[in-house]
Each structure stands twice: as C-alpha cells, then as structure tokens.
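Biologist: I would like a close look at one side chain, and then at what surrounds it in the wider model. Please keep to plain terms and give the cut-offs as you go.

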Amino acid sequence: MGDASRENGTGPVAPRERRRAQSALLQQRLPVVVLCVIGLVAGLALPFLNIAPNRLLSGHASGGQQGVFALLWLVAAAAGGWRGGAVAAVLLALVLPLIAAVDATLLLHHKPPTTRIQLGAGFWVMWLAAALLLLDRLRHVRAGWRAVAWAVVVVSLVVGGWQGVFDDLALVREWQAQRGAFTDALASHVTLSLITLGVALTIGAPLGYLAWRARRAGGTLLSVLAFLQTIPSLALFALLIGPFAWLAREWPALAALGFGGTGAAPAVFALVLYALLPVVRYTVTGLDAVPADTREAARGLGMTRGQLLLRVQLPLGWPVLLAGLRIVAVQTIGLAAVAALIGAGGLGRFVFLGIGQGATDMVLLGTLAIIGLALAADLLFQAMMAATGRRA
Amino acid sequence: MGCRRLRALAPLLILIALLVALPHAGGLFHAWFPELSHPLYWRTSFVELTLAHAALVGIATLIAVIVGLALGILATREAGRSLLPTVRAVAVIGQTFPPVAVLAIAVPLLGFGAAPTLLALSLYGVLPVLGQTVAGLDQVPASALHAADGMGYGRWRRLWEVELPLAAGPIMAGVRLSAIVSVGTATIGSAVGAATLGAPIVEGLVGNNTAYVVQGALLVGALALSVDGLLGLAEKRIRRHPL
C-alpha cells in the first residue's frame, strides 16, 4: 500500500504521511526530551556537591562543572533517540557517581580531615532522571536484557564502592564510621518486618478464609481493619505504650521475655494490625478468584473442604495473595521506621537520631537503606509472582 | 442514608467534643497519672495545633491535587501518551518510598520546621492522585469518547464535560488516600519541628509523659477519621451523581 501511494500520489498525501511519521517519532522521543531537560536544569541550577566543615554542620555548594553536565545531557538526548539510548542511560547512571567521587577527592585536597563532601540535590535529581531514562529506554527490550542493564548499574556501583572509589564521599564515610551500628539496625529492621509478615500471614489468612465463608461478618471485620489503617502510625504506636507497660507490670514473666511499654513488642503488634487489612482483603479476593464451577467440580470429585482448600483454592488463589503480601511487605518496611520512636530500633533510629543531631549523612544513610529494602522486597515479590504466573 | 452520613460525621463530632473537653480534663489526667507534675499539654493550645495540622494537610493535598491532575491529564492526552509509562513508573516506584523517608530527605533541603513537612506531604501526596487520575481517565469507555467527538465537542470540552466527570470517582478516591497519608505523615513531621498534633506525642515520648502521648494520639486519631469520613462522603456523592 505504501508503494502504491508513492507511485500515484505525488499530491498532498506524501507530505502529510511524512509529517505524521515525524510527529510519531517526536512523540516516541518525548520522554527522552523531558527527562534530559530535567537533568540539564538540575545540573545547571542545583548544587552537585556540598562542602561541609564536619559531619554536623551544613555545607556550601561547590560549582564549576556545569559545562560537563550540559554536555552529558545533550549527548544523552542525542543518543536517546536511537537504539543506543539504553547504553547511554547506563553510562550516565555510572558516570554521575564517578564524577562525584573524583570531584570529592580533588576537593578534599589540603582540607582538614573532618571535612565532608556531601552529594547535593543536583546529583540526586540528575541520577533519578538517568534511572528513569534507563527505565524508559528499556521498555521495548526483552526482560533478560532489562535485568542485565540494571545488574550492570548496581554491580558496578557496589564493586566500585568495595574498591574504595567512593571513599571520599560523606555518605560512605558515615557508613564506615557507623558500620557496626548500621548492620545491627539493618538486621533488626529486617527482623521486625519478617516477624510482622509471618504473624500477619498466620492470623490474616485464616481470618480471610472465615471472612470469605461468612460474608456479612467479613464485611464488618474489613471495615474495622480499614478503620485501624486510618489511624496515624505514630498515634497507634504511642497509644500501645500504656497497655503494654501495664501487661508487663501485671505479668513479670512477660517482662522477662523483653515485653514492655516500649520496644519491639508493641511495635510488632501495631505493625501486624496495619498489615492485617491487606492480608485479609487479598485472601478474600484470592478465594473469589476461583470460579464457582471449579469449586463445585472439586466437590463433585468427592474432595473434602480441607482438600478443596489445599489442592484447589490455595494454588489458584496464591498469586492474588502474593500481590497482597507485596503490599504488606513494602508498607511494613516503611512503617517500621516510625517504630524507632518507641524504641523498637531498626533503620528509623538512624533517621531520627540523625535528624536530632543535624547529621545529614546519617539521615540519608538510614533513609536510603529503608528505600533500598522496600524496593528489594517489591522486586522479590514481583519475581515470585512472575514465577508462579509462568507455572500456572 | 441518614445513618450512613451520621457515621461518617461522627469522628468530626468526637474531634470537636475532644477539643472542647480536653483543656478542662486536667483533673482527670491528674487522677490517671498521679506521678506527673504537668498532666495536661500546655505549650500550645490543642485548637491551635489541630488547625495547624489541618492547614498543613489541606495545603499539601491542594498542591498534590493540582500537580497530580495536571500530570495525569497530560499523560493521557494524545500528545503526551508516550510519557504514560514513565509517569506510571514514577507513581508506582514512588509509592514504595516510605513517607518517613520522603520527610527525612526534605529536611536537609529546607531545614527544620513546617517547610520540609509541607514539601514531603505534597510530593508524596501527588502519587495516589496521579495514579488514580491515570487509572480513572484510562477506564472512560471509548464509546463515550466517540459520542463526544460525534457531537462535535472540542478536545477541552470533551475532557471537561465527559472524561473528568466519568473519572471523578477514582480521582476522589486518590485524593482521599493522599489526604489520609498526609495526616499521618504530618504527625511525624513534629519530629522535624513542624507544629502539629504530633508535638504532644513526640514530647511525651521524649519526656516520659504518657498523658501528653494519650492526648495527642486521641486528637490525631479523631482528626484522621474525620478527614476520612468527610472525603468518603464526598467520594460517594461524586460516584453517585457525577458533576
């Protein structure tokens, strides 16, 4: 058809088609243009690095590489249009931290040893823009290549960090100074989240099954749980201090187990209360996802209710339940940070201690670790969902 | 119907009753916590804190609605379609960031006080509005769009008179979620110096004054449930009678 129109259509058709093709091409490049403009503006207007006299004082911006960033983003915008866009985005996501590291080493020359070189808003915005560019450029690529591209970015940064490339950046220095405390906080954050997930699943899944069997009572249960979900986390954590302190006073055996007004016990209790709504709701949805015909066929084959649940409903509803657990995991990791305010430890301790001291890098270290954990949990559950989806 | 409306408004009545009664409840808290010398939070009045908290949430939600709606509309227009996956990715990935993390990141940028809290609330609040706007506009039936085109509606008139009214329910659900998360995050904002209802809680936790904690928690719980009830009513109304 294209040939035909070219042969006999020397008139207005060809230009219009060309214009349409051009506008389609422009549209395809729109995300690249928008992200590169954001990166360019951040590179020109926001501070890339801050120089602080020590870890507690705020720094002043260091400038001078605006030309480099302008060049980088123009190259990225040019490369983004053709197939090499993803490669350019990967390089960008690696070059930005490298520039920061080299710059930090140069800036620290002849400076007192307490001086800290902090990553500024310009770095973070540009790096996010690069990551989003990579995400966009990988959209039409096969899943395997997508994983390879992200693995290259993450592994290179981690190996670089291991080799000491980023040692002059304040964030890495803070981590080195607090390595022991950081590892403990990370471990206790993961433990808090895992216990919460386990308890919520153990209580929530049977509750969800009961709610599915008895519709009306289930509706009431769900609205009570939704009511709890509305209460701000800090208020719920704080309100539990009184009752838990009382319990520990009345039963010294509980107190001996580490049970008290503050600490991990009320934190896990509150986190489980928040986690129950998604677990129960997704259990009900998962059970609903099994068609009534299938259930009846299974009953007709002589399955008991238990067999039906284990052999039919659980395998068929499992992907939906996994989607619920994904939400619970991400939500719990975030809320567990607040639990630090009632003495439950975890990465939130870094955040709130850092805020109290004015130690920006400590706040950032805790925050990045929390975000990393949440993203990792999200990816893990996505992978599990993909795996079960393929098998089903 | 009347019963449902009453149930939605009950938290608001409780909040008002608490605000009236708490300043006179010194005796009660003294009897409950005899070991405390100041059993009633006195640094700022509860009414003032509640208004400051509500104002912070209100402004942040307004900004979130404006930005979220604008981005959502842009990403679903013909010209911006190619931005849709990126916008969606930002909304989904952004929501895995915990609100506390967003709050903590805002502090180094803006210092202590209400400013970082407002920035964090607005940034984080955009995500549910954006996600729901895109979802709502995406599910407008093609037949409705064709009908509007057939009647000679222009692009803007179609958006304003057909698409937005049909998507109003999901959008309102996003606004509600955004506001509720903001009430919770603004509470934590008192840890970075914002004057909100979290202040009695944080001060009580630091100073071992459980009475302050109880007072702050009661008020902020009632406030959150009031916001949820009011916006829930608005959502139901919009779903039933599109504008």
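What is the relative accessible area of B:Arg176?

Modeller: B:Arg176 has a relative accessible area of 24%, which makes this arginine partly exposed. The classes are buried for under 20% relative accessible area, exposed for over 50%, and partly exposed in between, using a 1.4 Å probe and protein chains only.

Some ground rules come before the rest. Residues are numbered from 1 along each chain as its sequence is written, while chains are lettered from A and ligands numbered from 1 in the order in which they are written. This is a predicted model, in which local features need pLDDT of at least 70, side-chain atom pairs count only at pLDDT 80 or more, and totals for chains, interfaces and linings use all residues; side-chain values use heavy atoms, with hydrogens and water left out.

B:Arg176 forms a salt bridge with B:Asp228, at 2.8 Å from N to O. The term stands for a side-chain nitrogen of Lys or Arg within 4 Å of a carboxyl oxygen of Asp or Glu. This pair joins distant parts of the chain, since B:Arg176 belongs to helix 8 (residues 155-189) of chain B and B:Asp228 to helix 10 (residues 210-240) of chain B, 52 residues apart. Helices (H or I, at least four residues) and strands (E, at least two) are DSSP runs, numbered from the N terminus. The acidic partner, B:Asp228, is buried at a relative accessible area of 16%. In general, side chains of opposite charge can pair when their charged atoms come close.

Chain B holds another such pair, B:Asp149 with B:Arg158, at 3.1 Å from N to O. Here B:Asp149 is partly exposed, with 39% relative accessible area, and B:Arg158 is buried at 18%. Both of these residues belong to a network of salt bridges that also includes B:Arg77 and B:Glu163.

Chain A offers a further case: the side chains of A:Arg116 and A:Glu174 form a salt bridge, 3.3 Å from N to O. A:Arg116 is in strand 3 (residues 116-119) of chain A and A:Glu174 in helix 7 (residues 170-177) of chain A, so the bridge ties together parts 58 residues apart in sequence. A:Arg116 counts as buried at 9% relative accessibility, and A:Glu174 is buried too, at 1%. Over all chains, the search finds 17 salt bridges.

The boundary between the chains reads otherwise: zero salt bridges are found across the interface of chain A and chain B. One residue pair there is in polar contact, both residues being at pLDDT 80 or more. A polar contact is a pair of N or O atoms within 3.5 Å; within protein, one must be able to donate a hydrogen and the other to accept it, and residues adjacent in sequence count only if both atoms are side-chain atoms. Elements that give two or more residues to the chain A side are helices 2, 5, 9, 10, 14, 15 and 16 of chain A. Helix 16 of chain A gives the most, with eight residues. By class, this side has 26 nonpolar, seven polar and three charged residues. Ala, Val, Leu, Ile, Met, Phe, Trp, Tyr, Cys and Pro count as nonpolar, Asp, Glu, Lys and Arg as charged, and the others, Gly among them, as polar.

In terms of contact (heavy atoms within 4.5 Å), 36 residues of chain A meet 40 residues of chain B. The area buried between the two chains is about 3100 Å², and carbon and sulfur atoms give 85% of that area. A:Thr230, A:Leu234 and A:Ile355 supply 18% of what chain A buries against chain B, more than any other three residues. Buried area is the accessible area (1.4 Å probe) that two parts lose on being put together, summed over both.

Helix 14 of chain A also holds A:Arg305, which is partly exposed at 44% relative accessibility. Neighbours within four places in sequence aside, A:Arg305 is in contact with A:Tyr209, A:Arg213 and A:Arg299. By contrast, A:Gln65 lies in the loop between strand 2 (60-62) and helix 3 (66-80) of chain A and is buried, at 11%. Residues up to four places away not counted, A:Gln65 touches A:Phe48 and A:Asp103.
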